[in-house]
Amino acid sequence: MYLVGVIPGPSKPSLEEINPFLGLLVDDLLEFWEPGVWYSRTAKSASRHLVRAALVPVICDVPGARQVSGLGAHSSKYFCSFCLLELEDIENFDTSTWPRRTLHDHRRNAERWRDAASAEERVAIFKESGARWSELLRLPYWDPIKFTVVDSMHNLYLGLIKNHCRRVWGMNWAVEDGDATAHPTKPPPPRPSPQTMDWGTHVLYYKSRSALSKCPKAVLWHLCEERDLRRAGTVKMLARELDKWVSHRVPSSVCDRSSPATPPSVRSRAIPRSPQRRATPSALLPRNAASLQRFNRATLLELCQAYSVPPQGIKRDIAERLVKRSSSEPGSPIIESQLPSLATSGVARQTETGPIHETNPPPLNHHVLGREAFAMISEVRESMQLPSWINPVPRGFGTTQHGKLSADQWHTACTTLLPVALVLLWGNETGRKLQMLENFMDLTTAVVLAGMWSISEAHIKLFETYLHKYLVGLKELYKETNIVPNHHLALHLPDFMRLFGPVHSWRSFVFERFNYVLQHMNTNLTFGEMESTFMKTSCRAANLRPLLRDTRIASALPEFLDVLRSISGDDERGMRLESVLRNASAPVIPDLVRSGSGGRSAMLSEASYAAFLLKLNLEADGPLYVDPTCTTKGEGQRYLPRDVREHGDIIINGMHYRTKDSSSRDSNIQYRSGSNRALCTGQILNIFTHRRKIASGDFIEETLLTVSKLQELTDEDARVDTFRKFPYVGGCLYYDGIVDEAVIIRPLDVQCHVARTPLRIPGITRACVHILPLDRVSILDFVSGRLIIISQLNKIHTSSKDGDAVNETSTAVNGI
């Protein structure tokens, strides 16, 4: 990666003002595309080379991507860069019904916008099509629809995860835990007066949807609340929700919606209800016979018949019996199921649409993550052991003391900390709390699947399944929560996975880090000079790093490199470093690289030696090696030496694994063992290099690891393990003890690091430890340490015609 240019400030260009800057880049890209650029030599070759280059994905946040590509903002009518779904239909999760954008139509509309004669004409074209001209369209191969990717860092980590915790659930250390039945931070609109609500109900039953859309939003909101419908979104969305309800729930004989939509006069705004419905509010709210006596005798007699009250006597006697019935039987239909929810206290204020009756109900807390939840989160955080490359959630998580969390920290919170804490808190609950947990774990599963380093069509389908399940559950559980563009855009991530492969090759972590580096460069803040300072400084740094990676220079300047690393300020944790280091290269022993013969000379312990001897002989299908201290070797056998060189650190797939004594948190691993390659969990006790003679007579030097294996739960205790309900993100429990026999494995048997959390579980007498694998390579179902890949996929994609694709062995899709 290199810096092409810097747009001068002091503020960013708006909308099409970025085109002159893009034009300079496009001029160079056109030359690189056709005919290409000849270089007299390159860093790796002394001969001339023809170089051709193309710009494919635009990787940035949504506002920047839309501006560069000439598309509308995420708040515009056509809010999506991949399809033409309108903002009013954002809650439609059926991807098959979304109208797709086409490159031909987009280019045609963009050219119309470019050639428009006036600014007003451009506004009209953009409003109609959601497209404007971008200089990138001069590139003959450029497709703004396919190449404007949805960045997973902003969409999933700073989007869905952050939105779910802060806006859907709400986070507040100072309050008791709630259930998010109402919005945790946004209060409901003031309830309109009874007369206004009566008119809204009349429109609902007797008018069209267009007439319903003309009602005040507060009226529609409270009509939805009374019927337990979704009440988030615009007026049109609320009207549509109510219209769908009345069309499916209310028989056509009850209401006639074919009448004209012309609003009646103010005097006729009383709803033409049956006498029983007219009398009911007075029977409940005043709770006195005097108010009920205002209704005529026919009304009271109908109420008596409906609620089995004797109808004898004058109106006052009947009214007293009705009120007595409602007061003595609080669970009767006259109080709980037949009555509208009308405001009875507060101060009325006048608006253009009529009086608004403001109430002051006792404050209710709807924050899900409150005092109890944060106590559990804090307890789990303090006891959880994470490998050093994981950027942990700060201690002030959920408070204003720490400030904003980074995308990496939100990812850690969602995929490691909250799953453990919330399963402990809600795993044995029933009802809403359990539904909330399952919904959140669907989101977590989708996030983990999206971050895999190796993906197949099976991975993508599984991601689609869990994400769709999460979004549908979100709408049902949280009726006051808005569906935002990030929710819709996440459903397009599979399209880009199929185009470009795993998301780590096209997400913006590394580019955001580069922005951070630029912001911390020393400049004189003088426009005209600052841009060249950025360019020169970044070029010097880019040239220095390859030089320092040269083994000849690195071996001559070890102290210089150590000092440089210590003052560089680079954070060696988190997904940025993981993205750089993760590779399939051979394992590396750092002290061997530094000295050539590093490591401490030692002798294998009895347990390690016995395990090593057994492993080698099992692999050789016979007693090839023998212990010289207790056995005489026979023909074709070799003595197995005990002397080794011990190391404290090994790099496998770019990750540092260390022994328990050197770094306990980097020693917790999941590994494969035995002839069946079963998955096990344990701790690295020793890393050693061993030299021995093989059957051919040659010597071989090999690095191995001694591991202590955790004890698995019995079948009876495993039934208590609620973490196993969530196979991809829940992890599982083990006893906090090790198997007696030591295990010897090779570096490539190591699967991944694990997060280790000591726990006391009700129903299990022994101390336990929770293990959460941090694998980012394979789809694995970690149930009792056994590998189950395809079976879980089949459970989700049981009947699909894509069954063959689902049952294929997962193969990697290379990213660009």
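A residue is called buried when its relative accessible area is under 20%, exposed when that area is over 50%, and partly exposed in between. The model in the viewer is a predicted one, and this tour applies these terms at several of its stops.

**First stop: Asp749 and Arg677**

Select Asp749, which has a relative accessibility of 10% and therefore counts as buried. Its side chain meets that of Arg677 in a salt bridge, with 3.0 Å from N to O. Asp749 belongs to the loop between E14 and E15, whereas Arg677 sits in the loop between strand E11 (668–673) and strand E12 (678–693), so the pair ties together parts that are 72 residues apart in sequence. Arg677 itself is partly exposed, at 37% relative accessible area.

**Second stop: Arg746 and Glu619**

Next select Arg746, together with Glu619. The closest N and O atoms of their salt bridge are 2.6 Å apart. Arg746 lies in the loop between strand E14 (732–745) and strand E15 (750–759), and Glu619 is in helix H28; the pair therefore ties together parts that are 127 residues apart in sequence. Arg746 has a relative accessible area of 22% and is partly exposed. Glu619, at 41%, is likewise classed as partly exposed.

Now add Lys615, Arg692 and Glu702 to the selection: with Glu619 and Arg746, these residues are linked in a network of salt bridges.

**Third stop: helix H28**

Display residues 606–619, which make up helix H28. The end C-alpha atoms of the helix are 20 Å apart, which agrees with the 20 Å that its 14 residues should span at 1.5 Å a residue.

Which residues of H28 are buried? They are Ser608, Tyr609, Ala611, Phe612, Leu613, Lys615, Leu616 and Asn617. As a guide to reading such a pattern, an α-helix has 3.6 residues a turn, so residues three or four places apart point the same way. To see what covers the buried residues of H28, show strand E6 (625–626), E12, strand E13 (699–712) and E14, which are among the covering elements. Then move past the end of the helix to Asp621, which follows H28 and has a positive phi, near 55°.

**Fourth stop: Glu606 and Arg642**

Return to H28 and select Glu606, which is exposed, with a relative accessible area of 57%. A salt bridge joins Glu606 to Arg642, and the closest N and O atoms are 3.3 Å apart. Arg642 is found in the loop between strand E7 (638–639) and strand E8 (643–647), so this pair ties together parts that are 36 residues apart in sequence. Unlike the exposed Glu606, Arg642 is buried, at 13% relative accessibility. Across the structure, the salt bridges number 34.

**Fifth stop: the second largest cavity**

Finally, turn to the internal spaces. The structure holds six cavities of 30 Å³ or more, and the second largest encloses about 100 Å³. Select Val62, Val149, Val150, Asp151 and Leu489: of the 14 residues that line this cavity, these five lie nearest its centre.

Helix H2 (62–69), helix H6 (152–169) and helix H20 (485–490) each supply at least two residues of the lining. Which helix gives the largest share of the lining of the second largest cavity? That share, three residues, comes from H2. Colouring the lining by residue class shows six nonpolar, five polar and three charged residues.

Note on methods: Residues are numbered from 1 along each chain as its sequence is written. This is a predicted model: local features need pLDDT of at least 70, side-chain atom pairs count only at pLDDT 80 or more; totals for chains, interfaces and linings use all residues. Side-chain values use heavy atoms; hydrogens and water are left out. A salt bridge is a side-chain nitrogen of Lys or Arg within 4 Å of a carboxyl oxygen of Asp or Glu. Helices (H or I, at least four residues) and strands (E, at least two) are DSSP runs, numbered from the N terminus. Buried means under 20% relative accessible area, exposed over 50%, partly exposed in between (1.4 Å probe, protein chains only). On a 1 Å grid over the protein atoms alone, a cavity is a set of points where a 1.4 Å probe fits but cannot get out, and a pocket is an open set with protein on both sides within 12 Å along at least five of seven lines; lining residues have an atom within 4 Å of a point. Grid points are joined across faces, edges and corners, and a volume is the space filled by probe spheres set on the points. Ala, Val, Leu, Ile, Met, Phe, Trp, Tyr, Cys and Pro count as nonpolar, Asp, Glu, Lys and Arg as charged, and the others, Gly among them, as polar. The expected span of a helix is 1.5 Å times one less than its number of residues. Contact means heavy atoms within 4.5 Å.
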